[in-house]
Amino acid sequence: MMASIGEFDPLNTRVPATKIEVTVSCRSLLDVDTFSKSDPVVVLYLQAVGTKEWREFGRTEVIDNTRNPDFVRKFVLDFFFEEKQNLRFDVYNVDSRSCNISKHDFLGQTFCTLGEIIGSPGGRLEKTLSGIPGKKCGVIIFAAEELSNCRDIATMQLCANKLDKKDFFGKSDPFLVFYRSNEDGTFTICHKTEVIKNTLNPVWQPFTIPVRALCNGDYDRTVKVDVYDWDRDGSHDFIGEFTTSYRELSRGQNQFNVYEVLNPKKKGKKKKYVNSGTVTLLSFKVESEYTFVDFIRGGTQLNFTVAIDFTASNGNPSQPTSLHYMSPYQMNAYAMALKAVGEIIQDYDSDKLFPAYGFGAKLPPDGKISHAFPLAGENENANCVGIEGVLEAYFESLRTVQLYGPTNFAPVINKVANCAAEITDGSQYFVLLMITDGVISDMVQTKEAVVNAASLPLSIIIVGVGPAEFDAMEELDGDEVRVSSRGRFAERDIVQFVPFRDYIDRSGNQVLSMARLAKDVLAEIPDQLLSFMKSRGVEPRPALSSSPLPELHRHI
């Protein structure tokens, strides 16, 4: 129990980024009933990442006698930007009372990702149904909306009185640990206050926490708070605990928000035990924050750019030992990293044109060294069509350029930064993926480039492939210490570095390796986008109005 406190990592307490409500309608469904129209129902299946197995998630209600249903029952899904959430929608005509869906007439199906629905203009996506050879099955229309209680941020302050004395020579050094309860009765840590030294009557600093982290949207769910006495060696002493809920806390300072701190062990042993002190809520306020989904629905596009390391240290591409080796049987690490990240980001980029560059190679015909050459080989147009287009251009470049060196990052970063500097109104946010096998040669210039880029709508993901030591990269990933150049610090942390080898699935399952990599490198993008928008005072535009559904007599 105690270990979990010391190792508390807010990133690993997996709270859904937000909850998304998906509304479903269909138009022009097949008629299969002889004497009347169909009685449709839509079944949603989610795909498990590793096994690729489809599991039923839920069903709409059945609407009688219509080819153009607007379903009332909605699907509420947890949305994780950093995961590819594959969805399958099957439409059936219900013609008996059986719950077994295979006993009913199949009317068609479609596949998409949750990101595709959210990333469509106004969060509205129309897909053609298929699956019955030779027949037009009609269309299915999805509308996605974020549930509003996901965006609230609570700020509160607490103090305590007459806590138990735990230290032999002094008083106690108290701190609080907050847990939210899960559906299965377990608890997940969600906040830890600072330690206040040598007092039994501490007043903690106000702190801010997303409401969803505290109660996952359920205002009456138990919130458990443990009170500990801090010890240098990490074996913190338990003083006592109390429970509350978001709803109770939200009533603010009043006589109900004074909590007795109870220690069950002491209570069992001592007849006269009353409590181990009290904790009082001093203040509580809730504010709404804009979310990543607000900006995407308001039309903000993610601009995805790729830069690939063509230095000689990768090894001769025609040799199986090379990191650039193209095996007919499996993708190399460069292709896997590119595909893993690109396939998720592409859902949020409507033109699907991705600039792709290489660095560290000698180019034909005259052997000029370049640190930002377009992979597509066109003069200055680096755009590739779709992620497949980027992969093709990458494979083509391997055949035409000579791997060389050194490993200079700054030219590509500055190239993308120049594009980002032209559009700072919030309509575009740039994500640069750099894949490299080694140590940066131009660290001084790269740091300067990162510090300059930190004030722009840009995030940089660096994936290290191969066995090299990547210690220098950690300097750029400003999680611990913000990157600086010539005395100037980056105003935001915009670089995320990971070594691909940490994500490779031991059983050789490439799909799992790619999913793990994408999950980690993309997890910070939504908050980085929000931190830029906030720093510039940019608000999301109203959700793009999607064209309304064709007006039809609605069957409810």
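Select Glu21 and Val76 to begin: Glu21 stands opposite Val76, which lies in strand 4. The model you are looking at is predicted. Now widen the selection to strand 1, residues 18-27, together with strand 4; the two pair in the antiparallel sense over five bridges.

Next, add the other strands of this sheet. Four strands in the order 4-1-8-7 make an open sheet with antiparallel pairing. Where are its edge strands? They are strand 4, at 75-79, and strand 7, at 124-128, and each of them pairs on one side only. Turn the view to follow the twist, which averages 30 degrees from one strand to the next.

Move on to another sheet. Select strand 9, residues 152-161, and strand 16, residues 278-288. How many bridges join strand 9 to strand 16? There are 10, and the two strands run antiparallel. For one pair of residues in this stretch, pick Thr155 and Lys285: Thr155 stands opposite Lys285 in strand 16.

Show the rest of that sheet. It is an open sheet of four strands, ordered 12-9-16-15, and the pairing is antiparallel. Strand 12 (207-210) and strand 15 (258-260) are the edge strands, each pairing on one side only. On average, neighbouring strands here are turned by 35 degrees against each other, direction ignored.

Now go to a helix. Select helix 13, residues 525-535, and show its side chains. Which of its residues are buried? They are Ile525, Pro526, Gln528, Leu529, Leu530, Phe532 and Met533. A point about helices helps in reading such a list. An α-helix has 3.6 residues a turn, so residues three or four places apart point the same way.

To see what covers the buried residues of helix 13, add helix 6 (292-297) and helix 12 (510-522), which are among the elements that do so. Strand 17 (301-309), strand 24 (428-436) and strand 25 (458-464) are also included in this cover. Then step just past the end of helix 13 to Gly537, which takes a positive phi of about 65 degrees.

Finally, clear the selection and show the whole chain. It holds 13 helices and 28 strands, and its C-alpha trace spans about 85 × 75 × 45 Å along the principal axes. Of its 556 residues, 52% are buried. Among contacts between residues at least 6 apart in sequence, 71% join residues at least 24 apart. Colour the surface by element: the chain exposes about 26200 Å², and carbon and sulfur atoms supply 51% of it. Colour by charge last: the mean positions of the 60 positive and 73 negative charges are 5 Å apart.

Technical notes: Residues numbered from 1 in each chain as written. Predicted model: local features only at pLDDT ≥ 70, side-chain atom pairs only at ≥ 80, totals over all residues. Heavy atoms only, no water. Buried < 20%, exposed > 50% of the residue type's maximum accessible area, 1.4 Å probe, protein only. Contact = heavy atoms within 4.5 Å. Areas by Shrake-Rupley, 256 points an atom, 1.4 Å probe, with all protein chains shown as cover. Lys, Arg positive; Asp, Glu negative; His and termini not counted. Charge placed at Lys NZ, Arg CZ, Asp CG, Glu CD. Pairing = 2+ DSSP bridges. Axes fitted to C-alpha atoms, helices over the stretch in contact; angles between N-to-C directions.
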